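Today I am going through the empty spaces in this model, and then one helix. Come along if you like grids and probes.

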Amino acid sequence: MTTLRTAANVGTAQPRLEAREKVTGQALYAVDRPLPGAVYAWPVQAAFARGRVKGVDTAPALAIDGVLAVLWHGNAPRLEPANDPTLLVLQSPGVAFHGQVVALVVATTLESAREGAEAVVVQAEVQPADTVLRADHPGLYEPATVNAGYVGRVEKGDFDAGFAAAEVRVDATYRTPIEHHNPMEPHATTAFWERGRLVVFDATQSSTTVRDTLAALFELPPQLVRVQNEHVGGGFGSKGQPRVNVVLAAMAARFVGRPVKLALSRQMLFALAGYRTPTIQRVRLGADRNGRLLALAHDAISQTSRLVEFTEQSAVVSRVLYNPPDHVTTHRVVALDVPPPTWMRAPGDCPGSFALESAIDELAIAGNWDPVQLRIGNDTATDAEGLPFSSRHLVECLRHGADLFGWAGRDPRPAARREGRWLLGTGVASASFPAITWPSTATARATADEHFEVAVNAADIGTGARTVMRQIAADALGCDASRVEITVGDSAIGPAAVAGGSMGTSSWGWAVTKACRLLIERIERDHDGSVPPEGVAVSADTTADIAARDEYARHAFGAQFCALRVDPSTGEVRIDRMLGVFAAGRIINPTTARSQLLGAMTMGASMALMEQTILDPRSGDFVTSDLASYHVAVNADVPRIDVEFVPEEDPHLNPMGSKGIGELGIVGAAAAVANAVHHATGTRVRSLPITPSSLF
Ligand code: MOS
């Protein structure tokens, strides 16, 4: 694979192009755009988890000043079938989860819409609901495929024989709770219809997907739908697919014939924007007396809703990190009367690595091996399905991390170090995340005044995507970045990958590189090297290029270290420092890359010590549904976090040589914390979060 023309921009620290706009409040998010005649919508949610809506009394709401309409399944515009039945909102009387939208009030002010929603009377037939995941739930089944298209079960060798023959064994079950993404910007949409065309501004990680979904739902040719997302205030996966807000806004705008703004409230996000499924994971490890892994079994259980099958791929990380001869990974799921779970930062690998990397720590203790050395000794050149890695520098991450962290000479005994009243501990864990590249398109245009306009339908959800795309474009064009104008966040540009699965930079960047190279070729070939007055424009599509790649296991790797203290009388855990060392291909922009990994490690610390959503089994409602009761790490909780990179060249990826970095940093982070808590206290917490009460 040929690399970029120059490397003047790629690899250099460049500040975000939109930084000033954002910090001065000029950046316009989904419902910020002033629009003449815009009205407001507020959803009415089901107050029960299972049943039917028998009727909706709209009269009290319609009597309120300013209320224009109340939509419900009796009068809402009809939708065509969708891939995601969750989006078929207000189409039928059935209710499949607490908080499902059963009506929508549209009014001239936000206040009257909200007042109207409170006045709507919903008559319902309520049925008993089944809302709690249990390891012995009779409805558990083994799906053939799990999220991201992985096969549910991978098996090789004879696990039972290998495990029985092992000299050191671990058999433990780990639990992770329901977790919510909590992006700063809620799921929000402005929608209007213009001569049969639908235009929306949506808080989404993929305006391509939103456009295609709206086109299908409203039976429109895709070119009559335009979705814009110039700025998006975070997503963490919850904005990876369209949510009911965009469907409701489009529906309401058609119904009242005016632009509609709809921003879900923080509380509504808990039921309507997805969450990370709780998991129950059994991990069994067997090793010989030298610390060589012989057998690994990872059996993961998760929940889905009755509307969609969504199986968190929690055991997949065990197919990547270790490859003993006897190896089995399985997934089971049960459909409950709960909101649909969804993608959340490092789906599968994040909860899976908590279980796996805690178990590896338990194995190290059982065999009296150093946990860094145990991991190094069990490195592998192929994954559990036999594919070679395109590049893998996990050992380098562990070694470099151990040096930087000061791991040498660590006393392995638990609860053996004190500083005043505090017990001190250190922990380590490995990380990996797939390096995905998805087909994308991009356009590039040269102007007669020697500037370049490059467009790719990336979503900058706070990552620095547009900045990084400009760096890639400038190097592919061989010019200074100041001569490149980059446009992102508009479905009209052409289809492109979601800002998810850590695939953005590699996917969009390849399309940008290809378009820019084509442009230079075109100028040289057809215009003797000089741009005519009308300019030169090209477009590129990477579908064939990606299909033509050789088969490899492509993943980024990392090593997570944590030092913390525990107050033995209160159970309070304070993290002192975290260090993450990552090998993630070529780092395009060290500033924004560090920021991604720092954020993900923070989210991992937050997962380890704070985050959990409590569900009330009687109602099926989430009782922690705001930022006062759902704790997310704040500045005061965040210790010193260091992010380092191991340089990595990988010719099997894409023209930039990049891997994804958005999710890698959360993988293993919670295990590193839990392992450090064990080292500090001697207490093994196998159920997150690690709260004071879990230490007694
Ligand atoms: Mo990420 S959960 O793939 O947006």
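Before I sort any lining by class, a note to self: Ala, Val, Leu, Ile, Met, Phe, Trp, Tyr, Cys and Pro count as nonpolar, Asp, Glu, Lys and Arg as charged, and the others, Gly among them, as polar. I also keep in mind that this is a predicted model.

Entry, cavities. I found four cavities of 30 Å³ or more. The largest cavity holds about 70 Å³ of space. Its lining divides into eight nonpolar, two polar and one charged residues; among them I noted Phe97, Arg243, Val244 and Pro340.

I then looked up the second largest cavity, with about 60 Å³. Its lining has four nonpolar, six polar and no charged residues, including His180, His181, Asn182 and His187. Ala273 and Gly274 line the largest cavity, and they also line the second largest cavity.

Entry, pocket. For the second largest pocket I have about 350 Å³. Of its 19 lining residues, Thr176, Pro177, Ile178, Pro278 and Thr613 are the closest to the centre. Strand 8 (168-176) and strand 13 (279-287) each give two or more residues to this lining. By class I read 11 nonpolar, seven polar and one charged.

Entry, helix 11. At 1.5 Å a residue, the 12 residues of helix 11 (394-405) should span 16 Å, and the end C-alpha atoms are indeed 16 Å apart. Leu394, Val395, Cys397, Leu398, Gly401, Ala402 and Phe405 are buried. Down the axis, these buried residues fall within an arc of 160°, so they line one face of the helix. Their packing partners include helix 8 (317-321) and strand 22 (555-566). Just after helix 11, Gly406 takes a positive phi of about 85°.

How values were computed. Residues numbered from 1 in each chain as written. Predicted model: local features only at pLDDT ≥ 70, side-chain atom pairs only at ≥ 80, totals over all residues. Heavy atoms only, no water. 1 Å grid on protein atoms, 1.4 Å probe; cavity = no way out; pocket = protein on both sides within 12 Å on 5 of 7 lines; lining within 4 Å. Points joined across faces, edges and corners; volume = space filled by probe spheres on them. Helix = DSSP H or I, 4+ residues; strand = E, 2+ residues; numbered from the N terminus. Expected span 1.5 Å × (residues − 1). Buried < 20%, exposed > 50% of the residue type's maximum accessible area, 1.4 Å probe, protein only. Arc of directions from axis to C-beta. Contact = heavy atoms within 4.5 Å.
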